[in-house]
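Thank you all for coming; I would like to take a few minutes to walk through one model, beginning with how its helices pack and then turning to its pockets. Please keep the structure open in front of you while I talk.

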Amino acid sequence: MRRLLLVGHGRMGCLVETLAPEYGFEVTGAIARGNTAAPWPDAEVAIDFSAAEAVPVTVEKLAPRGTPLVIGTTGWQARETEIRDSAARHGIGVVVAPNFAIGVNLFLALIERAGALLSPQPGFGAWIHELHHAAKKDAPSGTALAMQRVLTQSGYPADVPIASTRAGAIPGTHTLGFDAASETITICHSARDRAAFARGALEAARWIQGRQGWFTMKDVLGL
């Protein structure tokens with residue numbers, strides 16, 4: 001069993017802890033908001049599902065130890081340059097994704113292909129709608145922004161507006177639509193529960209062992 005440190009011990013952290021043995025991990029500790037000043041246990045890899053403002057602290061604590069890191073928290077990208085610099089300086093491996101669900105990352109690959117196919121069709125206008133639970137703080141979601149970015153990178157030329165809904169306990173639903181005068185194309189991914197995110201993060205934690213650099217789930221899945 002490999003030693004795993006959890007940073008953040010909310011719903012996602014607890015779910016990762018429950019599923020960790022299936023992936024060959026033993027949780028050696030969990031860093032929650034109230035105990036960040038306590039000694040951080042040694043581990044072979046760490047998974048961060050904390051809060052945006054905590055991510056730089058996570059990297060500051062773990063990078064000098066050489067601990068590879070999987071970051072599932074969103075909303076910290078304004079500080080990405082300094083975080084990447086710290087990771088590179090200490091030679092650790094980091095996997096970052098706005099959404100670790102394997103289905104979502106295959107969904108993004110489909111969006112990339114759809115963008116390439118629709119880019120020469122100006123009669124179709126694209127739109128994105130994302131729905132999440134009422135407690136989610138960032139809007140639009142990191143996944144919706146990734147969808148928008150993938151479309152742009154695929155060559156789709158038009159602006160793609162994003163609409164966000166926060167209500168109830170929705171784990172996450174993302175829809176991409178292309179609408180024309182007489183027809184509509186939609187591609188949708190819905191998460192039924194949070195286990196998909198936890199399982200993807202644990203897959204990434206297994207994959208990052210022995211690697212150095214900055215990676216995404218495209219690297220993990222070989223897309």
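I will begin with helices H4 and H5, which are roughly parallel to each other, because the angle between them falls under 35 degrees. Before I go further, I should say that this is a predicted model, and everything I describe should be heard with that in mind. The angle at which H4 and H5 pack is about 30°, and their axes lie 8 Å apart. As for the hand of this packing, H4 and H5 make a right-handed crossing. On the H4 side the contact is made by Val104, Phe107, Leu108, Ile111, Glu112 and Gly115, and these meet Thr143, Ala146, Met147, Val150 and Leu151 of H5. Sorted by class, the residues of this contact of H4 with H5 are eight nonpolar, two polar and one charged.

While we are looking at H5, let me point to the loop that lies between strand E6, residues 125–132, and H5, since Pro140 sits in that loop. The peptide bond that runs from Ala139 to Pro140 is cis, with omega near 0°. For context, most peptide bonds are trans.

The next pair is H2, which covers residues 55–62, and H3, which covers residues 80–90; their axes come within 10 Å and cross at roughly 10°. That angle makes H2 roughly parallel to H3. Here the crossing of H2 past H3 is left-handed, whereas the one I described for H4 and H5 is right-handed. Val55, Pro56 and Val59 of H2 make the contact with Ile83, Ser86 and Ala87 of H3. In this contact of H2 with H3 there are five nonpolar residues, one polar residue and no charged residues.

The last helix pair I want to show is H1 with H6, the latter spanning residues 195–207, where the axes come within 9 Å and cross at roughly 60°. H1 and H6 are therefore oblique to each other, and their crossing is right-handed. From H1 the contact uses Met12, Leu15, Val16 and Leu19, while H6 brings Ala195, Phe197, Ala198, Arg199 and Leu202. The contact of H1 with H6 divides into eight nonpolar residues, no polar ones and one charged.

Let me now move from the packing to the empty space. How much space lies in the largest pocket? The volume there is about 1,100 Å³. The lining of this pocket is made of 44 residues, and those closest to its centre are Met12, Phe49, Ser50, Ala51 and Thr73; you will recognise Met12 from the contact of H1 with H6. Helices H1 (11–19), H2 and H5 (142–153) are the elements that give two or more residues to this lining, and the largest share, three residues, comes from H2. By class, the lining of the largest pocket holds 17 nonpolar, 19 polar and eight charged residues.

The second largest pocket has a volume of about 640 Å³. Its lining has 26 residues, and Val96, Pro98, Ala146, Arg149 and Thr216 lie nearest its centre; Ala146 has already come up on the H5 side of the contact with H4. Which elements each supply at least two residues of the lining of this second pocket? They are H3, H4 (102–118), H5 and H7 (217–221), and H5 gives the most, with six residues. The lining of the second largest pocket divides into 13 nonpolar, seven polar and six charged residues.

To close, I would bring you back to H5, which packs against H4 with axes 8 Å apart and also gives the most to the lining of the second largest pocket.

Definitions and conventions. Residues numbered from 1 in each chain as written. Predicted model: local features only at pLDDT ≥ 70, side-chain atom pairs only at ≥ 80, totals over all residues. Heavy atoms only, no water. Axes fitted to C-alpha atoms, helices over the stretch in contact; angles between N-to-C directions. Helix = DSSP H or I, 4+ residues; strand = E, 2+ residues; numbered from the N terminus. Parallel < 35°, antiparallel > 145°, perpendicular 65-115°, else oblique. Left-handed = near helix turned anticlockwise from the far one by under 90°. Contact = heavy atoms within 4.5 Å. Nonpolar A, V, L, I, M, F, W, Y, C, P; charged D, E, K, R; others polar. 1 Å grid on protein atoms, 1.4 Å probe; cavity = no way out; pocket = protein on both sides within 12 Å on 5 of 7 lines; lining within 4 Å. Points joined across faces, edges and corners; volume = space filled by probe spheres on them.
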